[in-house]
Amino acid sequence: MHRLSLGSIRGLFSHSIKAKLIFSMIGLCIIVSLLIGISFAKQSQQVHIENIRDNAMKLASAAALLINGDTFVSIPSEDDPEYKRQAQLLASFQKDTGVQFVYTLAKKGDAKTKFIIDGTVGEDHSPLNSEYDLFEEMKIAFAGKPAADQEITTDQWGSVLSGYAPIRN
């Protein structure tokens with residue numbers, strides 16, 4: 001019976017260039033395989049985020065079609081029948097699609113927006129005219145083209161990837 005000990009393995013490596021080359025190639029293959037795996041994982045993640053962004057823009061565009069662009073910016077209060085009608089449409093859209101939040105915004109200066117209609121009920125509801133930050137992607141939608149956040153963002157309502165779409169008159 002032969003026993004293989006650490007000393008005999010060291011001796012094998014010190015005397016055989018062939019063994020050194022074999023183990024070097026195995027090590028190199030492992031490193032290359034890991035790098036390729038990491039590259040594929042990053043690429044897959046980017047494709048997944050792009051698909052989510054595309055879906056967010058499509059959902060935002062569909063929700064924007066529900067809003068009467070001629071009346072929504074002139075709604076005086078949440079008690080107004082037009083507010084209630086449009087908020088109910090957004091609430092139904094939210095329920096039917098499973099989207100976490102569905103709301104409309106209007107620009108308020110160069111750095112802020114204001115909530116107009118929010119289909120969310122309960123503690124996450126944003127009252128009419130409450131302020132919110134203006135993001136670069138929102139500016140694209142205000143200029144007339146659907147957009148979505150580049151990355152997941154976090155604010156007081158949680159971590160989300162938002163889609164934006166213009167509301168047409």
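Helices (H or I, at least four residues) and strands (E, at least two) in these legends are DSSP runs, numbered from the N terminus. The model shown is a predicted one.

**View 1. Who lines the largest pocket, element by element.** At least two lining residues apiece come from α2 (17-64), α3, β1 (103-108), β2, α4 (136-142), β5 (153-155) and β7 (163-164). The top contributor is α2, which puts six residues into the lining.

**View 2. Zooming in on the middle of that pocket.** The volume of the largest pocket comes to about 950 Å³. Its lining runs to 43 residues, and the ones nearest the centre are Ala60, Phe101, Tyr103, Gly163 and Tyr164. Chemically, the lining splits into 29 nonpolar, 10 polar and four charged residues.

**View 3. The largest nonpolar core.** This core has 13 residues, and Phe72, Ile116 and Ile117 are the ones touching the most other members. Both α3 (81-97) and β2 (112-118) chip in with at least two residues each. The largest share belongs to α3, with four residues. A separate core of seven residues sits apart from this one, and its members include Tyr132, Leu134, Met138 and Ala141.

**View 4. Close-up on Ile116 and its contacts.** Skip the neighbours within four places in sequence, and isoleucine 116 is still in contact with Phe72, Tyr83, Thr104, Leu105, Ala106, Leu128 and Asn129. Two names here, Phe72 and Ile116, also turn up among the core residues that touch the most other members.

Terms used:
Residues are numbered from 1 along each chain as its sequence is written. This is a predicted model: local features need pLDDT of at least 70, side-chain atom pairs count only at pLDDT 80 or more; totals for chains, interfaces and linings use all residues. Side-chain values use heavy atoms; hydrogens and water are left out. A nonpolar core is a set of buried Ala, Val, Leu, Ile, Met, Phe, Trp, Tyr and Cys residues joined through side-chain atoms within 4.5 Å. Buried means under 20% relative accessible area, exposed over 50%, partly exposed in between (1.4 Å probe, protein chains only). Contact means heavy atoms within 4.5 Å. On a 1 Å grid over the protein atoms alone, a cavity is a set of points where a 1.4 Å probe fits but cannot get out, and a pocket is an open set with protein on both sides within 12 Å along at least five of seven lines; lining residues have an atom within 4 Å of a point. Grid points are joined across faces, edges and corners, and a volume is the space filled by probe spheres set on the points. Ala, Val, Leu, Ile, Met, Phe, Trp, Tyr, Cys and Pro count as nonpolar, Asp, Glu, Lys and Arg as charged, and the others, Gly among them, as polar.
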